[in-house]
Amino acid sequence: MAAPLRPDPFVPQVYRVDQVRRELSDTVTLELSPQSGARPTFEAGQFNMLYAFGVGEVAISMSGAKVNERAFVHTVRSVGAVSGAIAKLEVGATIGLRGPFGTSWPIAAAEGSDVVIVAGGLGLAPLRPAIYQILANRRLYGRVVILFGTRHPDEMLYRHELEQWRQRLDIDIEVTVDH
């Protein structure tokens, strides 16, 4: 049986919300699977256009692992009408999606080198796919350092994951709080 064809990234596709994880009071991570049966593929650093039916469309970066072969993962902060509508979606809801778009992070070009990843607040979301890829192939890189800043300890995105990464002996994690 042939694999389903990859849909045209410019034509909206219908996706189902399979999982909703509340990250912060105004931020959720959504796992979205295609209703067409197509296999979602992307490169770390790319984004999709997410469409809240009847409200509008917004660009949201990928925030999940590239190896997730059944879904796109997006972390969305409610800051406007469209992102607010998307952040309120529940499991089973549908959403329009176009993409992926954009260029990827130069992960392969960094092989053999030290890597420093710097992010603040929601800026960690689009870097997570690159971090996952680097950690999955850790032997290919020199020293790996992640510097993450947040305004308040209660606003620390992906706290549990940062703590897990901090337990590794092959990566340095530094977290700062700057009011």
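**Exercise 1.** In what order do the 6 strands of the open sheet stand?

*Solution.* The model in front of you is predicted, and the steps below read its strands one after another. In this open sheet the order is S4-S3-S6-S1-S2-S5, and the pairing is antiparallel. Strand S4 (56-61) and strand S5 (72-77) stand at the edges with a single partner strand each, so one side of each is left without a neighbour in the sheet. Neighbouring strands of this sheet are turned against each other by 40° on average, when direction is ignored. For one pairing in detail, take strand S3 (residues 47-52) and strand S6 (residues 94-101), which run antiparallel and are joined by 4 bridges; here Tyr51 has Gly96 in S6 opposite to it.

**Exercise 2.** Find the residues that make the nonpolar surface patch of about 260 Å², and place Val14 in its strand.

*Solution.* The patch is made by Val14, Tyr51 and Phe53. Of these residues, Val14 is found in strand S1 (residues 13-24). Val14 has a relative accessible area of 40%, so it counts as partly exposed, since that class lies between the limits of 20% and 50%.

**Exercise 3.** Describe how strand S8 (residues 144-150) is joined to strand S9 (residues 172-177).

*Solution.* The two strands run parallel, and 6 bridges join them. One pair to look for is Gly149, whose bridge partner in S9 is Thr176. Together with helix H3 (residues 159-167), S8 and S9 make a right-handed β-α-β unit.

**Exercise 4.** Work through salt bridges of the model, which number 10 in the count, and state which parts of the chain they link.

*Solution.* Begin with Asp26 and Arg77, whose side chains meet in a salt bridge at 3.6 Å, N to O. Asp26 lies in the loop between S1 and strand S2 (27-34), while Arg77 lies in strand S5, so the pair ties together parts that are 51 residues apart in sequence. Asp26 is partly exposed at 30% relative accessible area, and Arg77 counts as partly exposed at 24%.

Next comes the salt bridge of Glu161 with Arg128, where the closest N and O atoms are 2.9 Å apart. Glu161 belongs to helix H3 and Arg128 to helix H2 (residues 128-136), so that distant parts of the chain, 33 residues apart, are linked. Both Glu161 and Arg128 are buried.

Then turn to Arg143 and Asp172, which meet at 2.8 Å, N to O. Arg143 lies in the loop between H2 and S8 and Asp172 in strand S9, so this pair ties together parts 29 residues apart in sequence. Arg143 counts as exposed at 52% relative accessibility, whereas Asp172 counts as partly exposed at 30%.

Finally, Arg138, Arg168 and Asp170 are linked in a network of salt bridges.

Definitions and conventions
Residues numbered from 1 in each chain as written. Predicted model: local features only at pLDDT ≥ 70, side-chain atom pairs only at ≥ 80, totals over all residues. Heavy atoms only, no water. Patch = residues over 30% accessible without salt bridge, like charges linked within 9 Å, V, L, I, M, F, W, Y side chains within 5 Å. Areas by Shrake-Rupley, 256 points an atom, 1.4 Å probe, with all protein chains shown as cover. Salt bridge = Lys/Arg side-chain N within 4 Å of Asp/Glu carboxyl O. Buried < 20%, exposed > 50% of the residue type's maximum accessible area, 1.4 Å probe, protein only. Pairing = 2+ DSSP bridges. Right-handed = clockwise from strand over helix to strand, strands pointing away. Axes fitted to C-alpha atoms, helices over the stretch in contact; angles between N-to-C directions.
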